[in-house]
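Visitor: I'm new to this one. Could you show it to me and let me ask how you know things?

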Protein chains: 2
Amino acid sequence: MITIRPAEEADFDAIWRIFHEVVQQGDTYTYDPETTRDQAHSIWMSDEHTTYVACVDDEIVGTYILKPNQRGLGSHVANAGYMVGIEGRGKGIGRAMCEHSLQEARRMGFIAMQFNMVVSTNEAAIALWKKLGFSIVGTLPHAFRHKELGLVDVYVMHRFV
Amino acid sequence: MITIRPAEEADFDAIWRIFHEVVQQGDTYTYDPETTRDQAHSIWMSDEHTTYVACVDDEIVGTYILKPNQRGLGSHVANAGYMVGIEGRGKGIGRAMCEHSLQEARRMGFIAMQFNMVVSTNEAAIALWKKLGFSIVGTLPHAFRHKELGLVDVYVMHRFV
């Protein structure tokens with residue numbers, strides 16, 4: 001069973017393992033593949049957003065962050081980023097985190113959720129976001145330097161919550 | 001004649017007047033209309049981007065910032081934000097700054113320029129960006145809380161440089 005809860009400082013060892021695994025691939029996130037542990041801590045455990053972890057049998061298998069996509073007059077739209085460790089894939093953890101984040105966004109008063117940088121070659125994620133009600137509202141040509149494929153397009157995805 | 005140069009700390013009095021005038025309108029930028037001078041300084045004079053001023057007869061009439069739109073694997077796309085004081089409008093200052101920023105972006109090695117939050121009711125700006133080669137690559141429904149009009153759509157605009 002997957003349980004999802006706010007992250008605590010003590011979770012960062014596990015979060016870092018997942019962050020490093022994901023970012024090192026250079027195929028889904030813009031974070032530098034060589035991002036250090038300290039940099040990852042500043043990015044992912046920032047006070048400016050809420051960090052969550054997804055656990056199976058008390059083991060952390062995924063993590064996500066939730067925040068306003070813009071400040072001020074754009075702060076009613078949420079943004080989230082999800083990471084699942086390589087071993088945890090294919091078990092519904094991404095889906096569970098996304099559903100959780102939509103609930104949380106609703107609870108916090110956001111009216112919509114927007115993903116700014118969905119790499120167009122990340123087909124599994126795009127298929128999942130579509131199943132969960134997101135649609136592609138924009139295409140950014142050549143906006144991502146994929147580690148293997150070079151410059152690839154990026155989608156902006158959106159749904160009301 | 002319009003001249004454009006990097007901003008210096010001593011320019012901030014003039015920049016603040018423009019920033020405050022523009023942001024207070026609540027119709028083009030997400031920055032809180034009540035943004036203070038100190039907050040504006042942190043935002044607009046940040047070390048994380050380059051700040052420019054546009055002058056007519058040594059008077060500062062406009063200002064813009066230029067930066068990577070994303071870090072890491074998205075850092076090859078530039079982002080810019082332009083502000084013209086109310087008195088300076090209709091004199092080609094926005095156009096001059098945009099053309100200057102495209103040159104600067106090219107010089108710095110960016111391959112494209114992207115605007116993330118073009119408020120759909122800002123027709124003058126949209127017409128200008130289109131004339132300068134930008135196109136709408138995305139539409140974010142209800143993503144901006146316009147001070148007068150309430151929730152309005154936002155465009156993502158893009159061009160290669």
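Visitor: What makes you say that the copies meet through the same surface?

Guide: Of the interface residues of chain A, 100% are also interface residues in chain B, so the copies meet through the same surface. A word on the source: this is a predicted model, where local features need pLDDT of at least 70 and side-chain atom pairs count only at pLDDT 80 or more, while totals for chains, interfaces and linings use all residues. Residues are numbered from 1 along each chain as its sequence is written, chains are lettered from A, and side-chain values use heavy atoms, leaving out hydrogens and water.

Visitor: How do you know how the two copies are related?

Guide: Superposing chain A on chain B takes a rotation of 180° with 0.0 Å of shift along the axis, and the RMSD is 0.0 Å. The fit is by least squares on the C-alpha atoms of residues with pLDDT of at least 70 in both copies. The two copies are thus related as by a two-fold rotation axis. In chain A, the residue that comes closest to that axis is Gly138(A), with its C-alpha at 1.8 Å.

Visitor: Why is Ile2(A) called partly exposed?

Guide: Buried means under 20% relative accessible area and exposed means over 50%, with partly exposed in between (1.4 Å probe, protein chains only). Ile2(A) has 28%, so partly exposed is the right label. Ile2(A) sits in strand β1 (residues 2-6) of chain A; strands are DSSP runs of E, at least two residues, and helices are runs of H or I, at least four, numbered from the N terminus.

Visitor: Which residues does Ile2(A) touch, leaving out those up to four places away in sequence?

Guide: Among them are Ala54(A), Val56(A), Lys91(A) and Ala96(A). Contact here means heavy atoms within 4.5 Å.

Visitor: What puts the buried residues of α4(A) on the same side?

Guide: In helix α4 (residues 123-131) of chain A, the buried ones are Ala125(A), Ile126(A), Leu128(A) and Trp129(A). They cover an arc of only 165° around the axis, which puts them on the same side of α4(A). The arc is that of the directions from the helix axis to the C-beta atoms. On the other side, Glu123(A), Ala124(A) and Lys131(A) are exposed. The cover over the buried residues includes α3 (93-108) and β5 (112-119) of chain A.

Visitor: Which residues touch the most other members of the largest nonpolar core?

Guide: Among the 27 residues in that core, Tyr82(B), Met97(B), Met113(B), Phe115(B), Trp129(B) and Phe134(B) do. A nonpolar core is a set of buried Ala, Val, Leu, Ile, Met, Phe, Trp, Tyr and Cys residues joined through side-chain atoms within 4.5 Å. The largest share, 6 residues, comes from α3(B).
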